[in-house]
Amino acid sequence: MTMMNPVAARRKSGIAGLYVSALERLNMLPLSLVQLVSRLAVAHVFWQSSQSKLASWPATVQLFTLEYRLPVIDPGVAAGLATTAELSGSILIFLGLFSRLATLMLLGVISAIQFLVYPQNWPDHLLWTAPLLLILTRGAGVVSLDYVASRLFLRER
């Protein structure tokens, strides 16, 4: 009696078979690669934003004063907080260090932009939020300092 692979027994031919085969190959893609690409994409967006703010600080403060008009908070303080969050958040996400904390910081920036400054730009905000939610819920992945630190701490126990 021969043993049959149950998956092979149910293989489909034609387009359905090609589709199933493609899905099986995609399932082999490591989650850590998706996490790394997500981190790099988000880090780039917020790094660029922080650099444009730092390039001309007076213009940044003026932008927060005249266009963003955040309630309750002084424009100079808001500009400093936003720039600090974007700069430190992008560096931490890039390195994969304290990734979940950095993710919360950047989600806070996105929330402020969405609800207080540019509510009509929700498609862009969703594009930034999606990879951040992946990092928040699944971590930074194997290619990160968070992973290295977790291995060191587990080894010490």
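Where is Ser144 found? This residue sits in the loop between α7 and α8 (145-156). The model is predicted. Ser144 is buried, with a relative accessible area of 7%. Leaving aside residues up to four places away in sequence, Ser144 touches Arg39, Leu95 and Gly96.

**An exposed residue**

Arg25 offers a contrast in setting. Arg25 belongs to helix α2 (residues 14-27). Is Arg25 buried or exposed? Arg25 is exposed, because its relative accessible area is 56% and the exposed class begins over 50%. Val45 comes 20 residues away from Arg25 along the chain. The C-alpha atoms of these two residues are separated by 30 Å.

**The nonpolar cores**

Next, the interior. The largest nonpolar core has 13 residues. Which of them touch the most other members? They are Val42, Phe46, Ile93, Leu106, Ile110 and Leu132. Four helices, α3, α5, α6 and α7, each supply at least two residues of this core. The largest share comes from α6, which gives five residues. Another core lies apart from this one. That other core has six residues, among them Tyr68, Ala78, Ala79 and Ala82.

**Phe46 and the aromatic pairs**

Phe46 deserves a closer look. Which residues does Phe46 touch, not counting those up to four places away in sequence? The answer is Glu86, Ser90, Leu106, Val109, Ile110 and Trp128.

Trp128 is also an aromatic partner of Phe46. A search of the whole structure finds three aromatic pairs. The pair of Phe46 and Trp128 is edge-to-face, with 5.8 Å centre to centre and 65° between the planes. This pair links distant parts of the chain. Phe46 is in helix α3 and Trp128 is in helix α7, 82 residues apart.

A second example is the pair of Phe64 and Tyr68. Their ring centres are 4.7 Å apart and their planes stand at 75°, so this pair is edge-to-face as well. Here the partners are four residues apart in helix α4, which means that about one helical turn separates them. Phe64 and Tyr68 also join Tyr118 in one aromatic cluster.

How accessible are the four residues of these two pairs? The table gives the values.

| Residue | Relative accessible area | Class |
|---|---|---|
| Phe46 | 2% | buried |
| Phe64 | 6% | buried |
| Tyr68 | 17% | buried |
| Trp128 | 24% | partly exposed |

Why does Tyr68 count as buried? Its relative accessibility is 17%, and buried means under 20%. Trp128, at 24%, is partly exposed.

**The largest pocket**

Finally, consider the open space. How much space lies in the largest pocket? There is about 490 Å³. The pocket is lined by 26 residues. Closest to its centre are Phe64, Ala82, Glu86, Val109 and Ile113. Which elements give two or more residues to the lining? They are α3 (31-55), α4 (57-68), α5 (75-95), α6 (99-117) and α7 (122-138). The lining divides into 17 nonpolar residues, six polar and three charged.

Some names recur across these sections. Phe64 is among the residues closest to the pocket centre and also belongs to the aromatic cluster with Tyr68 and Tyr118. Ala82 is another residue close to that centre, and Ala82 is a member of the six-residue core. Glu86 and Val109 complete the link: both are among the residues closest to the pocket centre, and both touch Phe46.

How values were computed. Residues are numbered from 1 along each chain as its sequence is written. This is a predicted model: local features need pLDDT of at least 70, side-chain atom pairs count only at pLDDT 80 or more; totals for chains, interfaces and linings use all residues. Side-chain values use heavy atoms; hydrogens and water are left out. On a 1 Å grid over the protein atoms alone, a cavity is a set of points where a 1.4 Å probe fits but cannot get out, and a pocket is an open set with protein on both sides within 12 Å along at least five of seven lines; lining residues have an atom within 4 Å of a point. Grid points are joined across faces, edges and corners, and a volume is the space filled by probe spheres set on the points. Ala, Val, Leu, Ile, Met, Phe, Trp, Tyr, Cys and Pro count as nonpolar, Asp, Glu, Lys and Arg as charged, and the others, Gly among them, as polar. Buried means under 20% relative accessible area, exposed over 50%, partly exposed in between (1.4 Å probe, protein chains only). A nonpolar core is a set of buried Ala, Val, Leu, Ile, Met, Phe, Trp, Tyr and Cys residues joined through side-chain atoms within 4.5 Å. Contact means heavy atoms within 4.5 Å. Rings of Phe, Tyr and Trp (its six-membered ring) pair if their centres lie within 6.5 Å; planes under 30 degrees apart count as stacked, over 60 as edge-to-face and the rest as tilted.
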